[in-house]
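Welcome, and please load the model in your viewer. We will go from stop to stop, selecting a few residues at a time and looking at what is around them.

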Amino acid sequence: MKGDPRFSSLERLLGRLMLAGVTSSAACLLMGLVLFLTGAAMAATVVMTIGLVILMATPVLRVLVAVVESFRMHDWFFLASTLSVVVLLGLTLMWSLRGG
């Protein structure tokens with residue numbers, strides 16, 4: 001199973017997803033900083049908030065992609081594991097929005 005090319009391609013896909021998320025988040029945060037330093041505080045706040053949302057959404061998106069790919073590969077143990085992570089993320093989100 002370790003040398004399975006399906007898992008290697010999944011690892012590459014997830015790696016590219018994480019890199020894209022972190023890079024776009026960093027670009028937004030940097031742009032927000034530049035806007036703040038030039039005096040556009042309102043625009044800076046919006047752009048930096050977008051950067052932070054991208055940064056927080058990246059791991060969640062990674063887990064969702066892993067669910068889809070594990071279903072496609074018929075890896076039922078990994079599917080069950082990643083679905084349990086999705087459930088925990090959802091419960092945590094609902095609890096935090098509730099004011100928990």
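Start by selecting Leu-55, which sits in helix H2; helices here are DSSP runs of H or I with at least four residues, strands are runs of E with at least two, and both are numbered from the N terminus. Before going further, a word on the ground rules: this is a predicted model, in which local features need pLDDT of at least 70 and side-chain atom pairs count only at pLDDT 80 or more, while totals for chains, interfaces and linings use all residues. Residues are numbered from 1 along each chain as its sequence is written, and side-chain values use heavy atoms, with hydrogens and water left out.

**Stop one: the nonpolar patch**

Is Leu-55 buried, partly exposed or exposed? Leu-55 counts as partly exposed, at 38% relative accessibility (buried means under 20% relative accessible area, exposed over 50%, and partly exposed in between, with a 1.4 Å probe and protein chains only). Now add Val-22, Leu-52, Val-53 and Met-56 to the selection: with Leu-55 they make a nonpolar surface patch of about 440 Å². Patches are built from residues with over 30% relative accessible area and no salt bridge; nonpolar side chains (Val, Leu, Ile, Met, Phe, Trp, Tyr) are joined within 5 Å, and like charges within 9 Å. The areas come from the Shrake-Rupley method with a 1.4 Å probe, and for residues only the protein chains shown count as cover. Colour by helix and you will see that H2 gives the largest share of the patch, four residues.

**Stop two: along H2**

Stay in H2 and pick Ala-57, which is partly exposed at 38% relative accessible area. Draw a distance from its C-alpha to that of Ser-25: the two residues are 32 apart along the chain, and the atoms are separated by 10.0 Å.

Next comes Val-60, again in helix H2. Val-60 counts as partly exposed, with 34% relative accessibility. Its partner for a distance line is Val-85, 25 residues away in sequence and 9.3 Å away in space, C-alpha to C-alpha.

**Stop three: crossing to H1**

Jump to Leu-14 in helix H1, which covers residues 5-37. Leu-14 is buried, its relative accessible area being 7%. Which residues does Leu-14 contact, leaving aside neighbours within four places in sequence? Show Arg-62, Val-65 and Ala-66, and you have its contacts (heavy atoms within 4.5 Å). For Arg-62, add a C-alpha to C-alpha line as well: Leu-14 and Arg-62 are 6.2 Å apart in space, though 48 residues apart in sequence.

**Stop four: the salt bridge**

How many salt bridges does the rule find? The count comes to one, where a salt bridge is a side-chain nitrogen of Lys or Arg within 4 Å of a carboxyl oxygen of Asp or Glu. Select Glu-69 and Arg-72 to see it: their closest N and O atoms are 2.8 Å apart. The two residues lie three apart in helix H2 (residues 41-72), so about one helical turn separates them. Switch on a surface to compare their settings: Glu-69 counts as buried at 14% relative accessibility, whereas Arg-72 is exposed at 57%. Then bring up Leu-10 and Leu-13, which Glu-69 touches when residues up to four places away in sequence are not counted.

**Stop five: the loop after H2**

Move on to His-74, in the loop between H2 and helix H3 (76-98). Check its backbone: His-74 has a positive phi of about 60°, although it is not a glycine. His-74 counts as exposed, at 54% relative accessibility.

Asp-75 is in the loop between H2 and H3 as well. Is Asp-75 buried or exposed? With 14% relative accessible area, Asp-75 is buried. Setting aside neighbours within four places in sequence, show Phe-7 and Ser-70, with which Asp-75 is in contact.

**Last stop: the aromatic pair**

A search of the whole structure turns up one aromatic pair. Select Phe-71 and Trp-76: their ring centres are 5.9 Å apart and their planes stand at 70°, so the pair is edge-to-face. Rings of Phe, Tyr and Trp (its six-membered ring) pair if their centres lie within 6.5 Å; planes under 30 degrees apart count as stacked, over 60 as edge-to-face and the rest as tilted. End on Trp-76, which is partly exposed with a relative accessible area of 47%.
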